[in-house]
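Morning, everyone. I will put the model up and then go through its contacts.

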Number of protein chains: 2
Amino acid sequence: MANIQQVAKQAGVSVATVSRVLNGQNKVASKTKQKVEEAIKELNYEPSMLGRNLRNSESRIMLILIPTISNPFYFEIIKGIENMALSQNYSILLCETDSKPEKEDIYFDLVRKKMADGIISMDPAVNIETLRELAEKYAIIQCSEYGGGIGIPYVTIDSEEASYRAVKHLIQIGHRKIALMNSDEKFSYARERKAGYVRALAEYGIPVIDDYILYTQQLGFEYGQQAMKKILALPDRPTAVFAVSDLLAIGALKELNAAGIHVPNDMAVVGFDKIDFSNMTNPTLTTIAQPMYKMGTIAAQMLIDLLRGEQVDSVVLEHELIIRESTSG
Amino acid sequence: MANIQQVAKQAGVSVATVSRVLNGQNKVASKTKQKVEEAIKELNYEPSMLGRNLRNSESRIMLILIPTISNPFYFEIIKGIENMALSQNYSILLCETDSKPEKEDIYFDLVRKKMADGIISMDPAVNIETLRELAEKYAIIQCSEYGGGIGIPYVTIDSEEASYRAVKHLIQIGHRKIALMNSDEKFSYARERKAGYVRALAEYGIPVIDDYILYTQQLGFEYGQQAMKKILALPDRPTAVFAVSDLLAIGALKELNAAGIHVPNDMAVVGFDKIDFSNMTNPTLTTIAQPMYKMGTIAAQMLIDLLRGEQVDSVVLEHELIIRESTSG
DNA sequence: ATGAAAAATGAAATCGATTACATTTTCATA
DNA sequence: TATGAAAATGTAATCGATTTCATTTTTCAT
């Protein structure tokens, strides 16, 4: 495995010249350049990023923190991040935290140890205080989920408004007994989506019934199924459910199917995220679409800007209510 | 951001001593050790992996090549890899190739440039010749999908046998007109699964009908839907379908649903992979389960062994036919 | 107290690149 | 042809760790 010294020797020039050829910017006489390129080819030389990175004090790696890889919601975001990163010569380290602080810390260490230049955090469970401290020394962007007011730039959608629209849609098609299948309120998105739910109900003078609001520990089919079981056991059963995640909604649909309850006639269902699978269910799922790919590219661009020392501002992207069979027989 | 020099100065020792304290192995007087540790704490020192990696000529990063992140089949494998990697102080760089050689090459470059120590390839589209060449100089493990006979260790299941069992199951419950929804035969798994299909039919004296074998360009719901449309248009319609991926099978189910064809009564369906979704469909999907998590941990361990210079042998893991509603009314 | 062996520590080379600064070469012009 | 500016190239420091080998300190039996 040749190094730059050997290339220099082979080409009969100094390492500086080889480096200049490598990086293209500086002027090198075309004859010299040719000699160097030949030497590179002959020796099958590939510049080591280890050396380059040390010298440049950068790793050109960005850390992506996600709670779990199992939620397809993250797919498109990751693709967006990856493409933007790649186009600017960054690679991405995908880190699944399982929403556990210990695992989070392992990954934070990678930044502290210069193995990664910055972080795009999508983990709603992230310890916000740790994140804030870290952000003082390192470049961090929040994507999708965020803690406001801590000075870390984020890109997201207006969850409150999206939720409001989803619930309003249910009300407008005639529902008044609407359940909310939420996740833990320690997550900002959970709080916001609840707020939107409450606002929509309030606007139509519908009282908020505590029993209609369920909390799931995690996002996953099973949790949606369980929550739906509880809803079905309610004495005054709701006629509609708004779930804060497609995964929950799909689990709910499954449970409704099993119970022989017709969707949307007996129970309407709305999800959130528009994951691919939400169009494969029977009936297909009404849901909120987020511009995930775009969110990813923007997050990556923001991080790169931040790393360049530029000022970056938070971004709120548009969302869209996608009406499908689960709310329109 | 302190470096080892400053710690040494602060502690009144040499950098060698600090390094020894850092790495624990060498004997350092406990008094000295304490001084150093205090200095580390005072300066908030974190050793830079850039320096360490350059010196050690390793990056402690392993590359995971997957065709697309959108197939949940990879979830558990990735988790397995990640956990094993983490436990041995490796990080994983997740790389989506989209089965495009250009993208593949970008990632291969990371290995050539020492940004990654080795590769776990799960990409069936990977250029096998490139991979073989690369394997001469770098550590590579094939996971799930593999090219045999090129001397690169792999961990996988017996796809031919799994496919044989799936089709045999369909035959045993009474089907004789069985379609195969395959993907491109450039992939080894596609060839093997077809072979298993053919063997099962042959065993029962059922002729192979070319029209019953469909090829999809990719694995994805839409492709399953399209293929099912073609099957439904067949003059002598099959009564069962074996799809080589759950994604295809789920798309097929969707299409059957839309066409008002009852599963399994009018058409039985078998998938492959046992992704989470496969239990959420209506009806639930009969499928082949692979020990994905285990496959991941083994692949990671194999790569680490390879990096250590040890001899590693290929592994074939068990699979299991999971019979659910789509084949048992 | 002495000396040899063992333990602890330090000096300096090394990994492989980039780059500031110094030096040499080129080349147009007087 | 001599001269000076511009262009090309080289020298050597640097990034931040690890590690070999040399040196110093400690330990302990005599």
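**Contacts with the DNA, then between the chains**

Let me start with DNA strand C. Of its atoms within 4 Å of the protein, 59% are sugar or phosphate atoms, and the rest belong to bases. Before going on, a word on the source: this is a predicted model, in which local features need pLDDT of at least 70 and side-chain atom pairs count only at pLDDT 80 or more, while totals for chains, interfaces and linings use all residues. Residues are numbered from 1 along each chain as its sequence is written, chains are lettered from A and ligands numbered from 1 in the order in which they are written, and side-chain values use heavy atoms, with hydrogens and water left out.

Strand C is surrounded by 28 residues, the closest being A:Ile4, A:Ser19, A:Ser48, A:Arg55 and B:Thr32. Here a residue is near a strand if one of its heavy atoms lies within 4 Å of it. Which atoms of strand C do A:Ser48 and B:Arg55 approach? A:Ser48 has a backbone N or O atom 2.5 Å from a phosphate oxygen, and B:Arg55 has a polar side-chain atom 2.7 Å from a base oxygen. H4(A) provides the largest share of the surface near strand C, five residues; helices here are DSSP runs (H or I, at least four residues), numbered from the N terminus.

Now DNA strand D. Again 28 residues surround the strand, and the closest are A:Thr32, B:Ile4, B:Ser19, B:Ser48 and B:Arg55. On the phosphate side, a polar side-chain atom of B:Ser19 lies 2.5 Å from a phosphate oxygen of strand D, and a polar backbone atom of A:Ser14 is 2.7 Å from a phosphate oxygen. On the base side, a backbone N or O atom of B:Gly51 is 3.1 Å from a base nitrogen. With five residues, H4(B) gives the most to the surface near strand D.

Last, the two protein chains. In contact (heavy atoms within 4.5 Å) are 54 residues of chain A and 52 residues of chain B. The area buried between them is about 4,900 Å², with carbon and sulfur atoms giving 67%; that is accessible area (1.4 Å probe) lost on putting the two parts together, summed over both.

How many salt bridges cross the interface of chain A and chain B? The rule, a side-chain nitrogen of Lys or Arg within 4 Å of a carboxyl oxygen of Asp or Glu, finds four. One salt bridge joins the side chains of A:Glu96 and B:Lys79, at 3.7 Å, N to O.

Definitions and conventions
A polar contact is a pair of N or O atoms within 3.5 Å; within protein, one must be able to donate a hydrogen and the other to accept it, and residues adjacent in sequence count only if both atoms are side-chain atoms. Helices (H or I, at least four residues) and strands (E, at least two) are DSSP runs, numbered from the N terminus.
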